[in-house]
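Here are some notes for a colleague who is opening this structure for the first time. Please read them with the sequence and the model side by side.

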Amino acid sequence: MWEYSDKVREHFYNPRNSGPLDAANGIGDVGSIQCGDALRLMLKVDPQSEVILDAHFQTFGCGSAIASSSALTEIIKGMTLDEALNVSNQDIADYLDGLPPEKMHCSVMGREALQAAVANYRGEEWSDDHEEGALICKCFAIDAVMIEEVIRANNLTTVQDVTFYTKAGGGCAACHEGIEDILAKVLTEHASDGEAPPPRPAGNTAEAPAPAAKMTLVQKIHKIEEVLESVRPMLQRDHGDVALADVQGKKIYVHLTGACAGCMMEAATLGGIQQKMIEALGELVQVLPASHMPVDV
Amino acid sequence: MKPIYLDNNATTRVDPAVVEAMLPFFTEHFGNASSMHAFGSQVGRALKTARAQVQALIGAEHESEIIFTSCGTESDATAILSALKAQPERNTVIITAVEHPAILSLGEWLEKEGYIVHTLKVDKRGRIDLDEYKSMLHERVAVVSAMWANNETGTLFPVEEMAEIAAAKGIMFHTDAVQAVGKIPIDLKRTKIDMLSLSGHKLHAPKGIGALYLRRGCRFRPLLRGGHQERGRRAGTENSAAIVGLGKACELALEHLSTENTQVRGLRDQLEQGLLSQITHCFATGDTRHRLPNTSNIAFEYIEGEAILLLLNKLGIAASSGSACTSGSLEPSHVMRAMGIPYTAAHGTIRFSLSRWNTAEEIQHVISATPPIIEQLRKLSPYWSNNGPSESLGTGFSPTYA
């Protein structure tokens, strides 16, 4: 039996705002056919102010899926659409005093449902490109699809690499066999292409990462800021943002804000930024969330 | 009302008579059966009695055909790996798509190790096709492993017939009978089954004890090597208290075999009919005419199993589900998928598994408590509107799937 918080139980036994909403003018239907959860979010939006006057849900899913749908409707009522879009899955989990990691992974569809409902209200098309695989790392809720993508994108070859990029395997270590299997699969595919694992791509330009020529700290921070600037438009499209917090030796701490904060893609986002940093700086650095910063240095 | 336990295929309550039989083996009879002194020989005699009790329940010809192990999973692994090691010229294993993970995961691992594993599929009622089975047998097959009864649906495979067919081609046959032993009559000496796995905690013995039946003359390679326990076929000091408990539980199971097939079966049928007649859009899964007497697996469409279990649990009713959410995996039960049960039904499957301790009063209570729960959850479901599935009303719910 899952360890559900009292608040999850309470919202499951007595869900708020369930059932159809006749006056709805924004409807979002999302689901995951495999893991069996599906959610219809119905919004009644005031056309003038874009304030959500009412929100209802219908959910096909487990206890935490029903509870998190209920929580979502409570959270967003009274918000404007833009405010509501900033509600993250982590906000929903926090509202419920936490969820088991396995449940964060598949049952919290609130964010996707919101995006879908808002898109529907605004007459836009919405499609979810988030693909889920079998859960590998139970400590950090990282699935096989994400691990495989990160391995491919960064030509990773060791479990340590995978942990470095995704956090997967960084906790109890029981999933290392699973990670090794994914690594072996990807490496075998490369080998059967008739080539050795391809070298790390050096970017579009012919320019190789500038080796050695040691930068001053100021130059380094300039470079770091440039990299961050280059990724910000991409994050802002997803209603998130990033800012530099501090640089300590080889560790670069950043603030992820807006939709990026607590997003389950956070680890992949940081991994991607890190890869760009390594290319731009020509040295191995680690990009970490500011929350990992030592309190007293 | 006292809690109602209908999850006996997961595990069972240890019979008080079993506990009583075991207790002296923690205190005065603590000896090691291998020792030369009186402390040891008392235990040695008790193990012999227990072996005879297990032998009687499964109808083995010889007492020495029983090897005590730590659990059903160990018995399964020992059987399959032994068949491969003893016949290095054979590299193929045949299993079914609905085996327990103890066999399925082992199969996946064997494939990685370079062995060939063929999987027999099942039809929508969970039945295998014997012609397909026959076509899969050839001289490179080391062993066939098919469960006697399915843990989720209770469906019985024709393992005696399958063993005959394998034997005619000189192929070893193993059956995972963890769910079947103690619930249906088994008489191994009249079959061609070479190996059979059983587990104590499914038949009112404690957890941590199992047994492997190994037909005399069947070539064998131990999984655990070391001391000479179990005639050198399973090293490690005997778990004497648990073995005594398993023996006693087998004796009691033999006594109650007719209870299982009369009283327990009657209550199971009453429960199933009671639910199916009151609730629309639900059906019993598996081969309902050939299944264990204690198991009923019902798919409640358009709602999800974990939610059902949580609400049943709130009323003190314990059952289990094939839903993905209860297992921590992302997929619903492999048994339901193998039978082609649609996702919207597979996620809503609930298994009720009874024991000889369930009463008519309990069953009546479950029959009246369940329909409101199903109704409550369907009201929350986007696949349901008013009194039926929304698709039939032309307002179909078709979410963007991740």
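**Notes on the predicted model**

1. A starting point in chain B is B:Ile374, which is found in helix α13, spanning residues 360–380. Please keep in mind throughout that this is a predicted model. B:Ile374 counts as buried because its relative accessibility is 2%, and buried means under 20%. The C-alpha atom of B:Ile374 is separated by 9.7 Å from that of B:Glu304, although their positions lie 70 residues apart along the chain.

2. Also in chain B, the side chains of B:Asp15 and B:Arg356 meet in a salt bridge, with an N to O distance of 2.9 Å. The pair links distant parts of the chain, 341 residues apart: B:Asp15 is in the loop between β1 (4–5) and α1 (16–22), while B:Arg356 is in the loop between β13 (349–353) and α13. Both ends are buried, B:Asp15 with a relative accessible area of 8% and B:Arg356 with one of 10%.

3. The salt bridge between B:Arg127 and B:Asp123, at 3.0 Å from N to O, has partners that count as partly exposed, with relative accessibility of 37% for B:Arg127 and 29% for B:Asp123. In chain A, salt bridges that share partners join A:Glu148, A:Arg152, A:Lys185 and A:Glu189 into one network. Over all chains, the structure holds 27 salt bridges.

4. Within helix α10 (residues 217–237) of chain A, A:Arg232 and A:Glu229 are three residues apart and therefore separated by about one helical turn, and their side chains meet in a salt bridge of 3.2 Å, N to O. A:Arg232 is partly exposed at 23%, and A:Glu229 is likewise partly exposed at 44%.

5. Which residues other than glycine deserve a look for a positive phi? A:Lys167 has a phi near 75° and sits in the loop between α8 (159–166) and α9 (176–192) of chain A, where A:Lys167 is partly exposed at 35% relative accessibility. B:His204, with a phi of about 70°, lies in the loop between β7 (195–199) and β8 (210–214) of chain B and is buried, with a relative accessible area of 5%.

6. Strands β6 (residues 240–248) and β7 (residues 251–258) of chain A run antiparallel and are joined by eight bridges, and A:Val242 has A:Leu256 as its bridge partner in β7(A). Two residues lie between the strands of this hairpin, in which A:Gly249 takes a positive phi near 60°.

7. Finally, A:Asp6, A:Asp91, A:Asp94 and A:Asp97 form a negative surface patch. Of these, A:Asp91 lies in helix α4 (residues 89–95) of chain A and is partly exposed at 34% relative accessibility.

Note on methods: Residues numbered from 1 in each chain as written. Chains lettered and ligands numbered in written order. Predicted model: local features only at pLDDT ≥ 70, side-chain atom pairs only at ≥ 80, totals over all residues. Heavy atoms only, no water. Patch = residues over 30% accessible without salt bridge, like charges linked within 9 Å, V, L, I, M, F, W, Y side chains within 5 Å. Areas by Shrake-Rupley, 256 points an atom, 1.4 Å probe, with all protein chains shown as cover. Salt bridge = Lys/Arg side-chain N within 4 Å of Asp/Glu carboxyl O. Lys, Arg positive; Asp, Glu negative; His and termini not counted. Charge placed at Lys NZ, Arg CZ, Asp CG, Glu CD. Helix = DSSP H or I, 4+ residues; strand = E, 2+ residues; numbered from the N terminus. Buried < 20%, exposed > 50% of the residue type's maximum accessible area, 1.4 Å probe, protein only. Pairing = 2+ DSSP bridges.
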